[in-house]
Amino acid sequence: MRAIVYTEFGGPEVLSLGRVPRPEPGPGEIRVRVVAAGVNPLDHKRRRGWVEEFYPTTFPAVPGLEFAGVVDALGEGADGFAVGDEVMGWTRTGAYAEYAIAGDVVAKPAGLPFAEAAALPVAGETARRVLAELGLRDGETLLLHGAAGAVGRIAVQMAVALGARVVGTASPANHELLRRLGAVPVAYGDGLADRVRAAAPQGVDAVFDAAGHGTLPVSVELRGGTADRVVTIAAADAAEHGVPFSAGGTPPEQVRAWTAEHARLAAEGRLVLPVAATFPLADAARAQETSEAGHARGKLVITP
């Protein structure tokens, strides 16, 4: 089968399109034909070797965590799905490929297009997990860094649905988008603390850092000098500031339950994460470059 492979850490140039053996499902496993694969910041961070502490790499590696596709083959004893079922979720063997072994997957709602389905699993689970870790409640104020990114957009919608007030940092070009989602936008950069205080004079109850661009010191400051209820998914210097780095650990049954719920809400139009661009498999390096630049107006998706 065709797949994107890399055999060393580095920039986008280490990604190559090649032919590799099609994975065979073992006992209890499901193989899927990948229709769409989501592109995440974690993909380029793993490619560069920046997150080996949390996500160790075995070479040759096929990138990609999330997908939407069709069940293609069942291993001995596999149940819950049949060949031909449309599914979405995580892969065990990499999503930038024509076929993959499924990890945690759920049924894809018939009304949810494959590209939109592939955009949801990682961003949805990440947003839901961190909001749970923060213990965000009705009536509280959340400061969300990187609010216009894929995780940020979903987190805004989830926090608003909980009854929280969201102050979201983003570039001015994304401020109207955040207002439509229900957040109060503020520009990042010098003077951020003063702008947040003006937007939330009652104070900030919790901070979700989905940006990782030097925002932890001001986040701790806005929490009154404590790292309590501050969580990052992106800052490499988290430990220096006493801030926990959230890198997964959600039980599989909870992951599947959340993903099924997010898919249903998306199919109903009640959870929105637009696809900004799609790329053919051969352009996976360009897709990761676009993701790494950080200016995509929505989710990036690869279509094998």
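Me: What relative accessible area does Asp283 have?

Reply: The model is predicted: local features need pLDDT of at least 70, side-chain atom pairs count only at pLDDT 80 or more, and totals for chains, interfaces and linings use all residues. Residues are numbered from 1 along each chain as its sequence is written, and side-chain values use heavy atoms, with hydrogens and water left out. A residue is buried under 20% relative accessible area, exposed over 50% and partly exposed in between (1.4 Å probe, protein chains only). Asp283 is partly exposed, because its relative accessible area is 27%.

Me: Which residue meets the side chain of Asp283 in a salt bridge?

Reply: A salt bridge needs a side-chain nitrogen of Lys or Arg within 4 Å of a carboxyl oxygen of Asp or Glu. For Asp283 the N to O distance is 3.1 Å. The partner is partly exposed at 44% relative accessibility. That partner is Arg286.

Me: Within what arc do the buried residues of α9 fall?

Reply: Helices (H or I, at least four residues) and strands (E, at least two) are DSSP runs, numbered from the N terminus. In helix α9, residues 284–293, the buried residues are Ala284, Ala287, Gln288 and Ser291. They line one face of the helix, because, by the directions from the helix axis to the C-beta atoms, they fall within an arc of 95°.

Me: What covers the buried residues of α9?

Reply: Contact here means heavy atoms within 4.5 Å. The cover includes β1 (2–5), β3, α1 (41–47), β12 (275–280) and β13 (299–303).

Me: Which handedness does the β-α-β unit of β12, α9 and β13 have?

Reply: Two strands pair if DSSP finds at least two bridges between them, and β12 and β13 run parallel with five bridges. One of these places Pro280 opposite Thr303 in β13. A crossover is right-handed if, with the strands pointing away from the viewer, the path from the first strand over the helix to the second runs clockwise. The unit of β12, α9 and β13 is right-handed.

Me: Which residue in β13 stands opposite Val39?

Reply: β3 and β13 run antiparallel and are joined by three bridges. In β13, four of the five residues are buried. The residue opposite Val39 is Leu300.

Me: How many of the nine residues of strand β4 are buried?

Reply: β4 covers residues 66–74. On one side of the pairing list is β3 (residues 30–39), antiparallel to β4 over seven bridges; another partner is β5 (residues 86–91), antiparallel to β4 over five bridges. β4 is largely enclosed by the rest of the structure, because the number of its residues that are buried is seven.

Me: Which residue forms a salt bridge with Arg92?

Reply: Arg92 is exposed, because its relative accessible area is 55%. The closest N and O atoms of its salt bridge are 3.2 Å apart. The pair links the loop between β5 and β6 (99–107) to the loop between β2 (16–19) and β3, 63 residues apart. The partner of Arg92 is Glu29.

Me: Which residue is linked with Arg31 and Asp72 in a network of salt bridges?

Reply: Asp72 and Arg31 meet at 2.5 Å, N to O, and join strand β4 to strand β3, 41 residues apart. Asp72 is partly exposed at 25%, whereas Arg31 is buried at 6%. The other residue in the network is Glu24.
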